[in-house]
Amino acid sequence: MILEASDQNIAQAAELIRSGDVVGFPTETVYGLGASAFDPLGVEKIFALKGRVRSNPLIVHVKDLGDLLRLSARLSKTQQALVDKLSSFWPGPLTVVLRCRENSGITPAVTAGGDTIALRIPSHPVAQKLLSLTEIPLAAPSANRSLYVSPTCAEHVASCFGDSLSIVLDGGSCEVGIESTVVSLVESPIRLLRPGSVTLEQLRSAVGEVEYRLPPLQEHQKQTLLSPGMLSRHYSPQTPLLWYSEEVLQSLAGKRVGIIRFSDHGVYPASAVVIETLSSTGKPQEIAHRLYAALRKLDSLDLDVILIPEIGRDGLGLALYDRTRRAVS
Ligand code: TXA
Ligand code: MG
């Protein structure tokens, strides 16, 4: 059930989490499906609801840097310096991977049995309030079925989980619109694992060297072949999504085509059933903010195919490229 994020309803959600249940809640990136990171049953419910493979660890949300450091193993001098430099991004859409503290109390399933933990300090006031009231770190993946497009409003979450989720706190549409940047601080140099709205350029200017390698597409295809039906696709609508080009468009004559445009200046072929324009001026922040809602909308229109332009990989473009690249067929 979608509930207004009033103090009273946030308190009710906190109580549910404390009693081992799962709630949907807003963050500045996307909506999360949250449970106590200390509670094996709550965490198990997350994996079951999402249909998520147990080998894929969850991000743990904490309210501040003190709580973050309480869950990580003692930092090396180098890591301490890195955390100091990155702290200007917190609270906000930056997740760091560190060694997990022994006896932290974190349920092993959260870290998929590994010795590292992904930690994030969300800035959304509702997420902050929920964390303060529960006084428990929250394991929270994006509130979508595994591999589907992440949710950026409460309705997306409710439409996915229906009655199996007793509360979705409504915090409006997520400002950022794509998942947090994930950086591993246990490697040297540190490594960007998932691009997001804290950009590679910003990270490098804060800390110096940051490694990033675009996952090779061959691996993608290999995995697909190895486990047919279990596509390695992520962030994907059910409707096939393809990069936009004139040739592709021409090959789709007679099909029901939906097009996502990044600005007013892009293509406007008369043959499209529907065209979604994400930003009149092509502003990356606006594109990110609207991308997932547009994918979900077009996915509900019974189209044969959705076309989306390839985007430049600088700044926030890298994260948008990463998400659309994983989603295209
Ligand atoms: O913006 C976000 O991060 C959202 C909101 C709800 O906070 N959460 C989110 O969680 O996107 P999820 O579970 O959908 O994505 C978590 C990502 C996955 O790619 C996972 O593999 C990675 O973080 N991850 C989690 N723990 C890790 C670890 N110990 N080492 C490396 N990667 C990790
Ligand atoms: Mg996710």
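Helices and strands are DSSP runs numbered from the N terminus, a helix having at least four residues and a strand at least two. In this predicted model, the place of Pro189 is described by means of such elements: Pro189 belongs to the loop between β9 and β10. The peptide bond that leads from Ser188 into Pro189 is cis, with omega near -5 degrees.

The two strands on either side of this loop may be considered next. Strand β9, residues 181–184, pairs with β10 in the antiparallel sense, and three bridges connect the two. Within this pair, Val183 of β9 has Leu192 of β10 opposite it. Together β9 and β10 form a hairpin, and five residues lie between them. Strand β10 also pairs with β11, which comprises residues 210–211; here the sense is parallel and the bridges number two. In this second pairing, Arg191 has Glu211 in β11 as its bridge partner. In general, the strands of a sheet pair through backbone hydrogen bonds, in either a parallel or an antiparallel manner.

After β11 the chain enters the loop that leads to α8 (217–226), and Tyr212 is placed in that loop. Which residues does Tyr212 touch, if residues up to four places away in sequence are not counted? They are Leu192, Pro195, Leu200, Arg204, Leu318 and Asp322. Tyr212 is also 7.2 Å from Leu193, C-alpha to C-alpha, although 19 residues separate the two in sequence.

Strand β10 leads in turn to the surroundings of ligand 1. The elements that give two or more residues to the shell around this ligand are β4 (59–61), β6 (116–120) and β10 (190–194). Of these, β6 gives the most, with four residues. The ligand is surrounded by 22 residues, and the closest are Thr29, Arg52, Asn56, His61 and Ser180. Sorted by class, the shell consists of eleven nonpolar, seven polar and four charged residues.

Several side chains approach oxygen atoms of the ligand. A polar side-chain atom of Thr29 lies 2.6 Å from an oxygen atom of ligand 1. For His61, a polar side-chain atom is likewise found 2.6 Å from an oxygen atom of the ligand. In the side chain of Arg120, an N or O atom is 2.9 Å from an oxygen atom of ligand 1. How much of the ligand does the protein bury? Taken alone, ligand 1 exposes 680 Å², and the protein buries 86% of that.

A further part of the model is an open sheet of four strands, arranged in the order β12-β15-β13-β14 with parallel pairing. Why is one side of β12 and of β14 left without a neighbour in the sheet? Strands β12 (241–243) and β14 (274–277) stand at the edges and have a single partner strand each, so one side of each remains without a neighbour. Neighbouring strands of this sheet are turned against each other by 25 degrees on average, direction ignored.

At one edge, β12 pairs with β15, residues 305–308, in the parallel sense over three bridges. In this pair, Leu242 stands opposite Leu307 in β15. Two helices also accompany the sheet. Helix α10, formed by residues 284–299, lies across β12, β13 (257–261), β14 and β15, and runs at about 170 degrees to β13. Helix α11, residues 317–327, packs on the sheet as well and touches β12 and β15; its direction makes about 125 degrees with that of β12.

Two details of the backbone in other loops complete this account. Trp90 and Pro91 are joined by a cis peptide bond, with omega of about -10 degrees. Pro91 is located in the loop between α4 (77–86) and β5 (94–99). The loop between β5 and β6 contains Ala112. Although Ala112 is not a glycine, this residue has a positive phi of about 55 degrees.

Methods:
Residues numbered from 1 in each chain as written. Chains lettered and ligands numbered in written order. Predicted model: local features only at pLDDT ≥ 70, side-chain atom pairs only at ≥ 80, totals over all residues. Heavy atoms only, no water. Pairing = 2+ DSSP bridges. Axes fitted to C-alpha atoms, helices over the stretch in contact; angles between N-to-C directions. Contact = heavy atoms within 4.5 Å. Near = heavy atom within 4 Å. Polar contact = N/O pair within 3.5 Å; in protein donor to acceptor, adjacent residues only side chain to side chain. Areas by Shrake-Rupley, 256 points an atom, 1.4 Å probe, with all protein chains shown as cover. Nonpolar A, V, L, I, M, F, W, Y, C, P; charged D, E, K, R; others polar.
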